[in-house]
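Open the model in your viewer and keep the sequence panel beside it. The tour below goes one selection at a time.

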Amino acid sequence: MVSSIFEVNALGNDQGRRMVEVPSITPNNLIENYIDEEEIDLMKVDIEGAEYIFFDTISEENLSKVKRFIIEFHNNTDFKVMNILKKLAKNGFSYKLKKWQNTDGDFIAENKMGIIYAKKK
């Protein structure tokens with residue numbers, strides 16, 4: 001079984017995939033109730049397609065507590081990753097994008113998958 005919120009992978013393949021609902025918490029709940037530090041040095045976001053929901057729902061106050069992010073993005077259709085990049089930039093982060101694979105296109109924001117390295121300016 002594959003872990004993802006999508007029944008189809010980034011390349012459109014549904015082989016070996018099925019939807020399973022599991023209990024989860026929001027990023028705000030995580031930061032406010034499970035992390036005792038005032039600042040978070042590094043947060044890795046590798047949540048198999050839920051990164052868009054993560055950045056849609058995280059409050060600006062909680063986002064401001066994070067110094068650096070490593071974010072994997074998946075199933076980037078219609079340039080969804082741009083919403084993450086806009087939120088990061090609006091909240092004082094600079095970022096770099098990295099290809100997922102060497103065979104991916106050079107315009108990373110249109111690739112189905114990739115990595116974002118972000119840090120507070």
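**Start in the middle of the sheet**

Select Ile71 and look across to E4: Ile116 stands opposite it there. This is a predicted model. Now widen the selection to both strands. E2 covers residues 66–73 and E4 covers residues 114–120. The two run antiparallel and pair over 6 bridges.

**Show the whole sheet**

Colour the strands next. There are 4 of them, in an open sheet, and the order across it is E1-E2-E4-E3. The pairing is mixed. Go to the edges: E1 (40–45) and E3 (93–99) each pair on one side only. Neighbouring strands in this sheet are turned against each other by 10° on average, direction ignored.

**Add the helices**

Switch to a cartoon of the full chain. You should find 4 helices alongside the 4 strands. Trace them from the N terminus: the pattern reads α-β-α-α-β-α-β-β.

**Select the core**

Which residues have the most contacts inside the largest nonpolar core? Show Met43, Phe55, Phe69, Ile71, Leu88 and Ile116 as sticks. The core holds 22 residues in total. Both members of the opening pair, Ile71 and Ile116, are on that list. Now colour the elements that give two or more residues to this core: E1, H2 (51–57), E2, H4 (81–90) and E4.

**Centre on Phe69**

Keep Phe69 and display what it touches, leaving aside neighbours within four places in sequence. Its contacts include Leu42, Met43 and Val45. Phe54, Phe55 and Leu63 are also among them. So are Leu88 and Phe93. Finish the set with Ile116, Tyr117 and Ala118.

**Move to a loop**

Select Ala50, in the loop between E1 and H2. Is this residue buried or exposed? Ala50 has a relative accessible area of 16%, so it counts as buried, the cut-off being under 20%. Next, draw a distance from Ala50 to Phe73. Their C-alpha atoms are separated by 8.6 Å, and the two residues are 23 apart along the chain.

**Zoom out**

Turn on the surface. The accessible surface comes to about 7,900 Å². Carbon and sulfur atoms account for 49% of that area. Of the chain's 121 residues, 34% count as buried. One last figure concerns contacts between residues at least 6 apart in sequence: 65% of these join residues at least 24 apart.

Definitions and conventions. Residues numbered from 1 in each chain as written. Predicted model: local features only at pLDDT ≥ 70, side-chain atom pairs only at ≥ 80, totals over all residues. Heavy atoms only, no water. Buried < 20%, exposed > 50% of the residue type's maximum accessible area, 1.4 Å probe, protein only. Contact = heavy atoms within 4.5 Å. Areas by Shrake-Rupley, 256 points an atom, 1.4 Å probe, with all protein chains shown as cover. Pairing = 2+ DSSP bridges. Axes fitted to C-alpha atoms, helices over the stretch in contact; angles between N-to-C directions. Core = buried A, V, L, I, M, F, W, Y, C linked by side-chain atoms within 4.5 Å.
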